[in-house]
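Got the viewer open? Load the model, switch to cartoon, and keep the selection box handy. We'll go stop by stop.

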Amino acid sequence: MDAEEYRNLVAAISTNDPILGILARRVKVVAREDVPTVVTNGKVIVINPKFFDSLRKPERAAILAHELVHVMHMHPTRLKKYDRFVANVAADAKANEALM
């Protein structure tokens with residue numbers, strides 16, 4: 001994903017949720033092939049470029065928005081004390097609910 005595509009995705013996200021759009025302009029996004037899909041540690045969003053390139057633009061925007069919700073709600077840091085699998089399922093459910 002190049003800078004122009006990222007700006008286009010941020011514009012699409014901003015249309016639906018201006019707060020997420022602001023956050024998207026501030027969070028660091030990096031591409032790495034050692035992650036299976038897309039992940040965040042709460043500070044950086046890491047995108048697997050092969051996975052991301054296989055998606056259509058609306059799917060890319062949705063996944064990026066989903067990860068931004070994790071960052072906004074500080075899920076990676078707040079849920080460290082819980083079982084990782086259970087916390088991830090719960091955080092994903094909350095992130096998806098926030099986007100509906």
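Helices (H or I, at least four residues) and strands (E, at least two) are DSSP runs here, numbered from the N terminus. With that in place, your starting selection is Lys50, which sits in helix H3 (residues 49–53). Before you click on, some ground rules: this is a predicted model, so local features need pLDDT of at least 70 and side-chain atom pairs count only at pLDDT 80 or more, while totals for chains, interfaces and linings use all residues. Residues are numbered from 1 along each chain as its sequence is written, and side-chain values use heavy atoms, with hydrogens and water left out.

**Stop 1: Lys50**

Is Lys50 buried or exposed? Put a surface on: Lys50 is exposed, with a relative accessible area of 60%. The cut-offs are under 20% for buried, over 50% for exposed and partly exposed in between, using a 1.4 Å probe and protein chains only. Now add Glu33 to the selection and draw a distance: the two C-alpha atoms are 7.5 Å apart, while Lys50 and Glu33 are 17 residues apart in sequence.

**Stop 2: the sheet**

Select S1, S2 and S3. These three strands form an open sheet with mixed pairing, in the order S1-S3-S2. Strand S1 (28–31) and strand S2 (38–40) stand at the edges with a single partner strand each, so one side of each has no neighbour in the sheet. Neighbouring strands are turned by 20° against each other on average, direction ignored. Two strands count as paired if DSSP finds at least two bridges between them.

Take the pairs in turn:

- S1 and S3 run parallel, over four bridges. Pick Val29 and look across to Ile45 in S3, which stands opposite.
- S2 and S3 are antiparallel, joined by three bridges. Here Thr40 stands opposite Ile45, and Val38 has Ile47 as its bridge partner in S3.

While you're there, click on Gly42. The hairpin of S2 and S3 has three residues between the strands, and Gly42 takes a positive phi near 100° in it.

**Stop 3: helix H4 and the core**

Next, select H4 and colour it by itself. H4 lies across S2 and S3, running at about 15° to S2. Axes are lines fitted to C-alpha atoms, for helices over the stretch in contact, and angles run from 0 to 180 degrees between N-to-C directions. H4 has 16 residues and reaches 22 Å from its first C-alpha to its last, close to the 22 Å expected at 1.5 Å a residue; the expected span is 1.5 Å times one less than the number of residues. Its buried residues include Arg60, Leu64, Glu67, Leu68 and His70.

Which residues touch the most other members of the largest nonpolar core? Show Ile13, Ile45, Leu64 and Leu68 as sticks: they do, in a core of 19 residues. Helix H1 (3–16), helix H2 (18–24), strand S3 (44–47) and helix H4 (57–72) each supply at least two residues, with H4 giving the most, six. A nonpolar core is a set of buried Ala, Val, Leu, Ile, Met, Phe, Trp, Tyr and Cys residues joined through side-chain atoms within 4.5 Å.

Zoom in on Leu68. Leaving aside its neighbours within four places in sequence, Leu68 is in contact with Ile13, Leu20, Leu23, Ala24, Val27 and Ile45. Contact means heavy atoms within 4.5 Å.

**Stop 4: two histidines**

Stay on H4 and select His70, then add His75, which is in helix H5 (residues 75–78). His70 is buried, with a relative accessible area of 6%, and His75 is buried too, at 8%. Their side chains make a polar contact at 2.8 Å. That term means a pair of N or O atoms within 3.5 Å; within protein, one must be able to donate a hydrogen and the other to accept it, and residues adjacent in sequence count only if both atoms are side-chain atoms.

Beyond four places in sequence, His70 is in contact with Thr40, His75, Pro76, Ala91, Asp92 and Ala95. By the same rule, His75 is in contact with His70, Ala91, Lys94 and Ala95.

**Stop 5: Met74**

Finish in the loop between H4 and H5, at Met74. Check the backbone: Met74 has a positive phi of about 55° although it is not a glycine. Met74 is partly exposed, with a relative accessible area of 47%.
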